[in-house]
Amino acid sequence: MVIEVLIKERTVGTFDFTPAPTQKPQRIIAHVSGGPATGKTYLALTGKPPIYYINLDRGTEGVVEQFAQNKEIYISNPIIRPESTQGEYYTMWNEFVQLWRELCAKEEGTIVLDTMTVITDLAKNAHFGKTVQIPPNQAYQWQEPLRDLVRSTHDSKMNAVIIQRRGEVFGSVPDANGNKPTDVRGLNTMGYEAQLSVVTYRNDEATDPSERFYAYIEKCRHNMGLMGKVIPDPALGLLSLD
């Protein structure tokens, strides 16, 4: 039987099989999405130091200073010029890929990408130029390079926090509280690629400051019991390996 062959042999045809791991990886790949000023940056900066922060959205001001006094944090501020040609976009894309792979080769710490939303636009412009609409049957040309980049993190010792913006779903109907459903702006398969997927929120009507920020846990492979739960203060231990 085929099952017996798989048990006895490590190579079947052109495919290699290795023994399954018996322990969870000691690193976290987190996908954090949310609207503006909902605590995405704050949550990302609770990661394990040293932190290498790719600051494309320029959203660290007023937040990073709280952590930098007691934590090793390095920030890169790449500039993606909107008036660039497709060739220039492609050069910037290759430079980003090289940066990401070099960071993944480090021995410890956390990579923060803020945001994947910006990098998604860069990937589209690098592969298609500034087209108004990309045909659905050609979307794989920019989506697969992005997915490969995220998957490369699985083979790294580094933690990764990948941030994406969220926006209201076009044409959606508000719920009983007047809120419209939202979705991610960027790579919409990040929930599948990451071990931990978190949506951040802010409640401006909360009288208790500790209840102003909260998060919904869409997925958590390291702690299945958290899935589907609302965490009142996501900054407390969510990026730990406990």
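## D204 and its arginine partners

Let's start with D204. In this predicted model, its side chain meets that of R212 in a salt bridge, with 3.3 Å from N to O. D204 also has a salt bridge with R202, and here the N to O distance is 2.6 Å.

How buried or exposed are these two arginines? R212 is partly exposed, with a relative accessible area of 37%. R202 is partly exposed as well, at 31%.

## A network of charges

The structure holds 9 salt bridges, so there's another spot to look at: E144, R147, D148, R151 and E193 are linked in a network of them. One of the contacts here is between the side chains of E144 and R151, at 3.5 Å from N to O.

Take a look at how open these two residues are. E144 has a relative accessible area of 31%, which makes it partly exposed. R151 is partly exposed too, with a value of 35%.

## Strands side by side

Now follow the chain to strand β9, which covers residues 196-202. It runs antiparallel to strand β10, residues 213-220, and 7 bridges join the two. If you want a pair to find in the structure, try S197: its bridge partner in β10 is K219.

β10 also pairs with strand β11, a stretch made of residues 230-231. This pairing is antiparallel and has 2 bridges. Which residue of β11 stands opposite A215? That's I231.

While you're looking at strands, here's a handy rule: in a regular strand, side chains alternate between the two faces of the sheet.

Terms used: Residues are numbered from 1 along each chain as its sequence is written. This is a predicted model: local features need pLDDT of at least 70, side-chain atom pairs count only at pLDDT 80 or more; totals for chains, interfaces and linings use all residues. Side-chain values use heavy atoms; hydrogens and water are left out. A salt bridge is a side-chain nitrogen of Lys or Arg within 4 Å of a carboxyl oxygen of Asp or Glu. Buried means under 20% relative accessible area, exposed over 50%, partly exposed in between (1.4 Å probe, protein chains only). Two strands pair if DSSP finds at least two bridges between them. Helices (H or I, at least four residues) and strands (E, at least two) are DSSP runs, numbered from the N terminus.
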